[in-house]
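Ready for a few exercises on reading a protein structure? Have a look at the chain below, then try each task before reading its solution.

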Amino acid sequence: MKVQNSAKIEFISRSANEGFARSSAACFAAQLDPTLDELGDIKTAVSEAVTNAIVHGYPNELGKVCLKMRMLPDNVFEITVRDWGVGIPDVDKARQPMYTTGGEERSGMGFTIMESFMDTMKVRSVPGRGTTVTMRKKIALRASVR
């Protein structure tokens, strides 16, 4: 698939960087002229994916998180969040609502929220080697852009 534009950001798995990733994705997506609702969906999904990488990927240490953003044909915005942390032993189980490895303070709804705000979501993970979440959202063409 032909990429029309792309950006990549790497940062340390500190919770303070979640807001940076969320804002960066929103700024990059703004080129597609999304509605406020579409922008909110993207920001929420990125927030969940990055928070998962920080909290679950590196529960006892700091590590690296990579946020990749691509603009694809037909106004499709793709976001990939990758970590090189502990990985997920059972992705299907982890995608179930209310399942969490993060203790009582975690809701276990991260993957469910990402799926509900994006058009597609894929999760690849290898225990001991990390997790990659790839999400896509088609941004509707606005009358002023057509």
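**Exercise 1.** In this predicted model, work out how strands S4 and S5 pair and what lies between them.

*Solution.* Begin with the direction: S4 and S5 (residues 130–138) run antiparallel, paired over seven bridges. Next, pick out one pair of partners: Lys122 stands opposite Thr134 in S5. Finally, follow the chain from one strand to the other: three residues separate them, making a hairpin. In its turn, Gly128 has a positive phi of about 85°.

**Exercise 2.** Sort the side chains of S4 by the face they point to.

*Solution.* Walk along residues 120–126 and you will see the side chains alternate. One face takes Met121, Val123 and Ser125, which are buried. The other face takes Thr120, Lys122, Arg124 and Val126, which are not buried.

**Exercise 3.** Decide whether Cys27 is buried or exposed, and do the same for Cys66.

*Solution.* Exposed means over 50% relative accessible area, and buried means under 20%. Cys27 has 58% relative accessibility, so this residue is exposed. Cys66 has 3%, so this one is buried. While you are looking at cysteines, note that a search of the whole structure finds zero disulfides.

**Exercise 4.** Which residues touch the most other members of the largest nonpolar core?

*Solution.* The core has 33 residues, and the ones to pick are Ile42, Phe77, Ile79 and Met135. Among the elements giving two or more residues are helix H2 (36–57), S4 and S5. H2 gives the largest share, eight residues. Now zoom in on Met135: beyond its neighbours within four places in sequence, its contacts include Ala45, Phe77, Ile79 and Met121.

Conventions: Residues are numbered from 1 along each chain as its sequence is written. This is a predicted model: local features need pLDDT of at least 70, side-chain atom pairs count only at pLDDT 80 or more; totals for chains, interfaces and linings use all residues. Side-chain values use heavy atoms; hydrogens and water are left out. Buried means under 20% relative accessible area, exposed over 50%, partly exposed in between (1.4 Å probe, protein chains only). Helices (H or I, at least four residues) and strands (E, at least two) are DSSP runs, numbered from the N terminus. Two strands pair if DSSP finds at least two bridges between them. A disulfide is a pair of cysteine sulfur atoms within 2.5 Å. A nonpolar core is a set of buried Ala, Val, Leu, Ile, Met, Phe, Trp, Tyr and Cys residues joined through side-chain atoms within 4.5 Å. Contact means heavy atoms within 4.5 Å.
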